[in-house]
Amino acid sequence: MNAKPSILYVAYPLLTVGEESCGGAEQILSALEREMAARGYRTFVAASRGSRVSGTLVDTGAPSSSIDDYERREAEHIAALDDFLARHPVDLIHDHSGTFWMHTARHVAQPPSAVAPMLVTLHLPRTFYPPNAFRGAPANVSFNCVSHSQQHDFGDVTRCVVPNGILVNRFPPRDRKDDFLLWMGRICEEKGAHLAIEVAQRCRMRLVVAGEVYPFSYHQRYFEREVLPHLKSRDSLIHYLGPQTLAAKVRLLRQARALLLTSQCPETSSVVAMEAMACGTPVLALRCGAIPEVIADGRTGYVVDDVDAMVAALPRVAEIDPAACVAHVRSNFTATRMAGDYECVYEQLLCQAAQTLAA
């Protein structure tokens with residue numbers, strides 16, 4: 001029986017990878033690598049020191065908490081990757097970092113004349129990438145999207161759509177809900193925590209804001225301007241908990257009356273919506289990007305067009321059956337399904353690479 005191929009997963013340089021990861025891309029990478037390692041693939045993960053992986057961690061340096069330190073950390077990350085690949089050729093590279101493929105698109109694998117295929121999963125809207133990023137991509141680089149709405153903007157460069165999936169067994173459902181709303185994610189302007197605060201205040205409901213403020217000055221300024229002022233009153237309805245452990249995150253998702261999604265940019269997916277629904281918790285979301293692909297409107301939550309509509313829809317979340325939320329995730333958004341989809345893509349890329357080598 002032939003050995004399974006080796007795969008190098010490349011993470012975003014600023015954050016650690018593992019079950020405690022805050023970022024959606026890091027959570028997806030962690031779940032996918034876990035699944036592929038369990039299937040017998042030799043997995044390597046190039047990520048910040050302190051990451052927890054199933055295969056082998058390629059330590060690219062300590063994660064930085066310094067403000068606006070991305071360029072230095074990215075250069076360190078890429079240098080460590082280049083060094084690793086020079087000494088340890090792999091069969092396939094799966095880039096989740098968003099930038100690595102731009103800097104180092106060709107890597108020699110065994111035999112020495114071969115070029116390892118590279119799959120780049122695009123986790124962000126197209127406008128978040130440099131305008132000329134996809135012009136003249138090398139032949140060994142392929143791209144995939146995580147939703148059909150995202151592919152609409154990347155149709156000229158992507159080969160397929162592989163929707164995200166989660167490790168559903170980590171999110172056990174709970175029928176009984178407590179009397180608070182939850183907002184969870186990266187705290188920055190495009191994610192719109194300030195709109196969730198407005199909804200909670202207008203509905204006179206308690207809101208728990210859980211998430212991380214990334215080390216970027218514009219994120220820090222947003223938090224200080226739009227979130228912090230609402231926390232200073234002793235009788236405030238708004239409670240900020242900061243980043244959460246997995247156990248604390250699951251507890252909040254299971255207990256919340258509803259999860260609010262208030263993004264102001266086109267979402268390419270929503271891992272936190274999948275996690276909430278897996279816990280039997282309905283999701284109330286603004287319509288943007290892939291949100292209608294993730295949430296079954298009227299069955300697992302409500303997809304609305306503005307804050308006024310969100311306020312109006314909030315009393316109706318009690319009509320959502322938690323069992324329907326759970327069934328929706330287990331039918332569509334499991335890590336097992338995601339890994340199977342990626343395994344098919346990997347096989348196609350490796351077959352094409354072998355044919356190129358034999359030609």
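Q: What phi does Gly 280 take, just after α8?
A: This is a predicted model, in which local features need pLDDT of at least 70 and side-chain atom pairs count only at pLDDT 80 or more, while totals for chains, interfaces and linings use all residues. Residues are numbered from 1 along each chain as its sequence is written, and side-chain values use heavy atoms, leaving out hydrogens and water. Names like α8 come from DSSP runs numbered from the N terminus: helices are H or I with at least four residues, strands are E with at least two. Just past the end of α8, Gly 280 has a positive phi of about 80°.

Q: How many of the residues of α8 are buried?
A: Buried means under 20% relative accessible area, exposed means over 50%, and partly exposed is in between (1.4 Å probe, protein chains only). Val 271, Met 274 and Glu 275 are among the buried residues of α8. The helix is largely enclosed by the rest of the structure, because the buried count is eight of the eight.

Q: Which residues does Glu 267 touch, not counting residues up to four places away in sequence?
A: Glu 267 sits in the loop between β13 (258–261) and α8, and its 12% relative accessibility makes it buried. Contact here means heavy atoms within 4.5 Å. By that rule, its partners are Ser 149, Lys 191, Cys 288, Gly 289, Ala 290 and Ile 291.

Q: Which five residues lie nearest the centre of the largest cavity?
A: A cavity is a set of points on a 1 Å grid over the protein atoms alone where a 1.4 Å probe fits but cannot get out, and lining residues have an atom within 4 Å of a point. The structure holds one cavity of 30 Å³ or more. Its lining has 15 residues, and those nearest the centre are Gln 27, Ala 31, Leu 167, Arg 170 and Glu 275.

Q: Which element gives the most to the lining of the largest cavity?
A: Three elements give two or more residues to this lining: α1 (24–38), α7 (246–255) and α8 (271–278). With four residues, the one giving the most is α1.

Q: How much space lies in the largest cavity?
A: Grid points are joined across faces, edges and corners, and a volume is the space filled by probe spheres set on the points. Counted that way, the space in the largest cavity is about 140 Å³.

Q: Is Glu 26 buried or exposed?
A: Glu 26 lies in helix α1. Leaving aside neighbours within four places in sequence, Glu 26 is in contact with Tyr 12, Leu 15, Thr 16, Val 17 and Ser 21. At 5% relative accessibility, Glu 26 counts as buried.

Q: What arc do the buried residues of α6 cover around the axis?
A: Helix α6 (residues 217–227) has His 219, Tyr 222, Phe 223 and Val 227 as its buried residues. The arc is that of the directions from the helix axis to the C-beta atoms. These residues are on the same side of α6 because they cover an arc of only 100°.

Q: What relative accessible area does Arg 204 have?
A: Arg 204 is in the loop between α5 and β11 (207–210). Phi of Arg 204 is positive, near 55°, in a residue other than glycine. Arg 204 counts as exposed, with a relative accessible area of 63%.

Q: Over which residues is the pLDDT below 50?
A: pLDDT is the predictor's confidence in each residue, from 0 to 100. The chain has a mean of 92, and 96% of its residues reach 70 or more. Where pLDDT is low, the predicted coordinates should not be read in detail. The stretch below 50 is residues 105–114.

Conventions
1 Å grid on protein atoms, 1.4 Å probe; cavity = no way out; pocket = protein on both sides within 12 Å on 5 of 7 lines; lining within 4 Å.
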